[in-house]
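Hi,

Here is the structure I said I would pass along. Have a look at it first, and my notes follow underneath.

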Amino acid sequence: MHPRPSDGKLLRGRLGILATIIFWAVYVIYTVVREFLNSGTAGFRFTTEALAYVVIVTVLMFSALMYLISRQGALQRFQHHQRVPRGVLDDHFTEAHSALTVLVPSYAEEPSVIRATLWSAALQEYPTIRLVLLIDDDPHPADPAVQRRLDETRGIANEINDALAEPSRRFSDALQLFALELDDAPGVTGDAVRRLSAHYRWAARWLETHTTADGARDHMEKFFVDEVLGGLASDFGLISSALDAAAWEDLAPSPKRMMELHRRLVWTFTATVDTFERKQFSSLSHEANKAMNLNAYIGLMGGNYRREEEPNGSILWPVQDESEADFIVPDAVYLLTLDADSVLLRDYCLRLVYFLEQSENSRVAVTQTPYSSFRGAPTRLERLAGATTDIQHILHQGMSHFGAAFWVGANAVIRKRALEDIVEVETVGGFEVRRYVQDRTVIEDTESSIDLGVHGWTLVNYPERLSYSATPPDFGSLIVQRRRWANGGLLILPKFLTQVRARRGTDNPVTFLELCLRLNYISSIAWANVGLLFLLVYPYDSRLLSPIVLLASLPYFLLMGSDLRYNGYKFSDVLRIYGLNLILLPVNLAGVLKSLQQAITGKKIPFARTPKVKSRTSAPLLFILAPYAIVAFSAFTVWRNISAESWGNALFAAVNTVLALTTILTTIGIWNSIVDVWLGLTNWLWIERKPGRDFVPALATPPSPSLNWRSVLYHGGISDYPQLTTPVPKSGEVVRWSNEKDFPVSSTSRELHSRAKELS
C-alpha cells in the first residue's frame with residue numbers, strides 16, 4: 001500500500017501547479033513582451049531568438065506542469081484508495097472464477113532471473129492459473145555455454161512442477177477430507193481448526209525452507225526471498241496463529257470460511273508451468289521482438305493442432321476434432337504478460353482480476369500496478385535508475401486518475417476479449433500471422449494502448465505496489481533501455497490524433513486534460529531533449545534570461561524531491577537525476593532520430609533487449625564520449641559567458657558542468673570510461689573468422705549421392721531453397737559442369753560435384 005498522503009501534501013501540490021502557470025505567464029508578459037514594447041522589433045536576430053526561447057521554455061514548462069498534474073492525481077488516488085479485505089476476495093472467487101494464463105517472454109535471460117519470476121507467478125493465490133515460459137532463444141545454439149544455459153532454462157518448468165507436487169497433493173487431500181466431514185456433520189470441530197492451523201504452519205515452513213536454500217544473493221534475489229517467499233510465509237504463519245487462538249477459545253470460523261481457507265492453500269500451491277518455443281515451428285512468425293513472441297502463442301490459444309515435421313521445422317495445422325490433435329493450447333479469459341526479470345507479490349492476480357470482474361469495470365481491457373524498482377540497489381547508477389522508475393510509477397497512477405493511462409509492458413492483466421478486438425491478421429508465407437500486440441515500434445505497449453482506446457476500451461492502473469522489476473545496473477545497459485524508450489513515440493502520435501478525431505462526438509470524447517497528458521507522454525522525450533540541447537549549445541541573448549524562469553521551474557524540482565523522499569530516496573537525488581538526464585541527452589536524441597529514420601524508410605527498428613547479466617555491459621563509443629563532450633562544452637560556455645559578463649548563462653552552464661561531471665564520476669567511472677573507449681576503438685579490428693568457400697574437407701569414403709526428399713516435397717524445387725536440396729544424376733546419365741559457379745556452392749554440393757565427375 002502507498003502511504004496515505006496528508007492534506008498538506010495535496011495542498012502543496014495544488015500551489016505548485018498554480019505557481020508554475022503564474023510564473024510562466026509573468027515571464028512571457030514581463031520579460032519577452034516588455035522587450036518588444038521597449039525596443040520595437042529589436043532586429044531579426046533578437047526576434048528569432050526570443051520566439052525560439054519562448055517556445056523552448058513553454059514546452060519545458062508544459063512537461064513540468066503535466067508532471068505536477070499527474071502526481072496530484074496519484075496522490076488523490078492514494079488518499080482515497082481502500083484495500084479490498086481478503087475475506088471479500090476469497091468469497092468472490094469461491095462462487096466463480098475464470099482461467100488465467102501467465103505468459104513470460106524470455107530471450108537470453110539468466111536462468112536464476114527466470115526462476116524467480118516463474119516462482120512469483122506460480123505462488124499467486126489464484127484458483128486456476130497456468131504459466132507458459134515463451135523461450136525465444138535459438139533452439140540449436142552452437143556455443144556449448146549457451147546450450148547449457150538454454151537446457152537449464154527449459155528445465156525450470158519441470159523443476160517448479162515437481163516442487164509444487166507435494167504441497168498441492170497434501171492440501172487437495174485436506175480440502176476433500178474437510179468437505180467429507182461437513183457432509184457428515186455441518187458444524188466445525190476444534191480438531192478441524194487445529195488441523196487446518198497445522199497445514200498453514202507446514203506451508204509456512206515449506207516456504208521458509210526455500211528461503212534458506214541458497215547462500216549469497218544479490219539485492220534482487222534477496223527481495224524475492226524476503227518479500228515473495230517470506231511475505232507469503234509470514235501470512236500463513238499469522239493465519240496459523242489466528243486459528244490456534246480460535247481453537248484455544250473453543251471457537252471456530254464458519255464452515256464457509258473454513259472452506260475458503262482450505263481453498264487458499266490449494267490455490268497457492270496448484271499451478272501448471274510449461275514452456276513454448278516459437279522458433280521450433282516454421283509456421284509461426286520469427287520476427288525478433290517481444291511483441292511477436294507473445295502474439296505467436298496468443299494466436300494459438302483455444303486451438304487444436306496437428307504437428308507435422310518439415311525441413312524448416314515443425315508445422316502446426318489446425319484441426320477441429322480434439323482427438324486428431326497432438327498439440328492443444330488451452331484458452332483463458334485473462335492473460336498476464338510478465339517480463340522475465342519481474343516479480344509479483346502474492347495477491348497480484350487475485351486483486352487485479354477481482355477489479356476487472358466488477359460491473360463498473362466491464363470495459364477495462366488492461367489493469368496493472370506499474371512496476372517499481374527492487375530495493376537495496378548496490379550502485380549509485382542502479383539506485384538513480386530505480387528512482388526514476390518509482391517516479392514513473394506515480395505518474396502512471398496519476399494519468400489513470402484522469403483517464404489517460406498507458407499499458408506499461410513489464411506486467412499487466414489483460415482481458416483476452418479486448419485483444420481479439422484489436423487483432424490484425426495477415427498471411428505470411430502461406431501461414432496466418434495474428435498481431436494482438438503491435439510490433440511496429442519498440443514501445444509496443446504504448447501503441448497497443450492507443451489501439452484499445454480506438455475500440456472503446458480503457459486502461460486502469462491499480463493504486464498499489466504489487467510488482468517489481470529489475471533496473472539497469474550499469475551505464476551500458478541503461479543506454480540500451482533509454483534509447484528504446486525514446487524510440488517510437490513520434491510514430492504513435494498520428495494514430496493517437498486519429499483516435500481523438502474518432503472519439504469526437506461520442507459518449508466518451510477525449511478531454512482536454514487527457515489530450516495534454518497523452519501528448520506529453522508520447523512526445524515529451526523528443527521536445528524536452530531537443531529543447532535542452534538548444535539551451536546547452538546556443539548562446540541566447542541575456543535579455544531573455546530572467547529569475548522568473550527559475551521560479552517557474554522551482555515547484556517541479558521541489559515537488560519531485562518530495563516524491564523521491566516519499567518513495568524512500570533522498571531529496572538531493574533530484575539533482576543527481578538531472579545530471580543523469582544530462583549525460584543521457586545523446587542517448588535520448590539517438591532514439592528520437594531512430595523514430596524519424598523509421599518514419600522515412602518504413603523499416604522496423606530492431607528490438608534491443610536490456611541486458612541482464614552479472615558482468616558489466618560496455619557502452620558504445622559515441623555514448624561514452626558524449627557525456628565528456630557535454631562537460632567540456634559546458635565548461636567552455638562558463639568561461640565564454642564570464643568573459644562576456646553574461647552571468648545568467650554562466651550560472652546555468654556552471655550548474656550543468658558540475659552536475660554532469662559528478663554524475664560521470666559516480667555512475668560511469670573513469671576506469672570504465674577508459675575501458676569502453678578502448679573497446680570502441682579496437683573492436684572493429686577483430687573480425688569473426690568464417691570458413692573459406694574453397695575449403696573441402698577430406699573424406700575417408702566418398703559419400704553416396706542422396707536426395708533431400710523432404711525439402712523437395714515441401715518446397716517444390718531447388719529454385720526455392722537450393723541449400724536444402726541435393727541433385728542426384730540419373731542412372732546412366734553423364735553429368736558435366738563447366739564451372740562450379742553453375743551450381744550452388746556448399747560443402748555437400750562440392751562433394752557431390754566431385755562424386756558426379758567420377759561417375760561420369
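**Salt bridges, a helix pair and one alanine**

Glu308 counts as partly exposed, with a relative accessibility of 26%. Bear in mind while reading that this is a predicted model.

Glu308 has a salt bridge to Arg306, and the closest N and O atoms there are 3.0 Å apart. Arg306 is partly exposed too, at 32% relative accessible area. Right by these two in the numbering, Arg307 pairs with Glu309 in a salt bridge whose closest N and O atoms are 3.4 Å apart. Arg307 comes out as partly exposed at 34%, while Glu309 is exposed at 52%, because the cut-off for exposed is over 50%.

Then there's Glu447, which makes a salt bridge with Arg440, with 2.9 Å between the closest N and O atoms. Is Glu447 buried or exposed? Buried: its relative accessibility is 0%. Its partner Arg440, on the other hand, is partly exposed at 29%. Elsewhere, salt bridges with shared partners tie Arg86, Asp90, Asp91, Glu125, Asp235, Lys256, Arg257, Glu260, Arg264 and Arg346 into one network. For the whole structure, the salt bridge count is 43.

Now the helices. H6 (residues 190–211) and H7 (residues 219–248) have axes that come within 8 Å of each other and cross at roughly 160°. Since anything over 145 degrees counts as roughly antiparallel, H6 is roughly antiparallel to H7. The crossing of H6 past H7 is left-handed.

If you want to pull up the contact, the H6 side includes Val193, Leu196, Tyr200, Ala203, Ala204 and Leu207, along with Arg194, Arg201 and Glu208. On the H7 side you'll find, among them, Val225, Leu229, Leu232, Phe236, Ile239 and Leu243, plus Gly230, Gly237 and Asp244. By class, the residues of this H6–H7 contact split into 14 nonpolar, six polar and four charged.

One last residue to look at is Ala528, which sits in helix H16 (residues 512–537). How far apart in space are Ala528 and Asn588, C-alpha to C-alpha? The distance is 9.7 Å, with their positions 60 residues apart in sequence. Ala528 is partly exposed, with 23% relative accessible area, so it falls above the 20% limit for buried.

That's what I have for now. Shout if anything is unclear.

Cheers

Note on methods:
Residues are numbered from 1 along each chain as its sequence is written. This is a predicted model: local features need pLDDT of at least 70, side-chain atom pairs count only at pLDDT 80 or more; totals for chains, interfaces and linings use all residues. Side-chain values use heavy atoms; hydrogens and water are left out. Axes are lines fitted to C-alpha atoms, for helices over the stretch in contact, and angles run from 0 to 180 degrees between N-to-C directions. Helices (H or I, at least four residues) and strands (E, at least two) are DSSP runs, numbered from the N terminus. Angles under 35 degrees count as roughly parallel, over 145 as roughly antiparallel, 65 to 115 as roughly perpendicular and the rest as oblique. A crossing is left-handed if the near helix is turned anticlockwise from the far one by less than a right angle, and right-handed if clockwise. Contact means heavy atoms within 4.5 Å. Ala, Val, Leu, Ile, Met, Phe, Trp, Tyr, Cys and Pro count as nonpolar, Asp, Glu, Lys and Arg as charged, and the others, Gly among them, as polar. Buried means under 20% relative accessible area, exposed over 50%, partly exposed in between (1.4 Å probe, protein chains only). A salt bridge is a side-chain nitrogen of Lys or Arg within 4 Å of a carboxyl oxygen of Asp or Glu.
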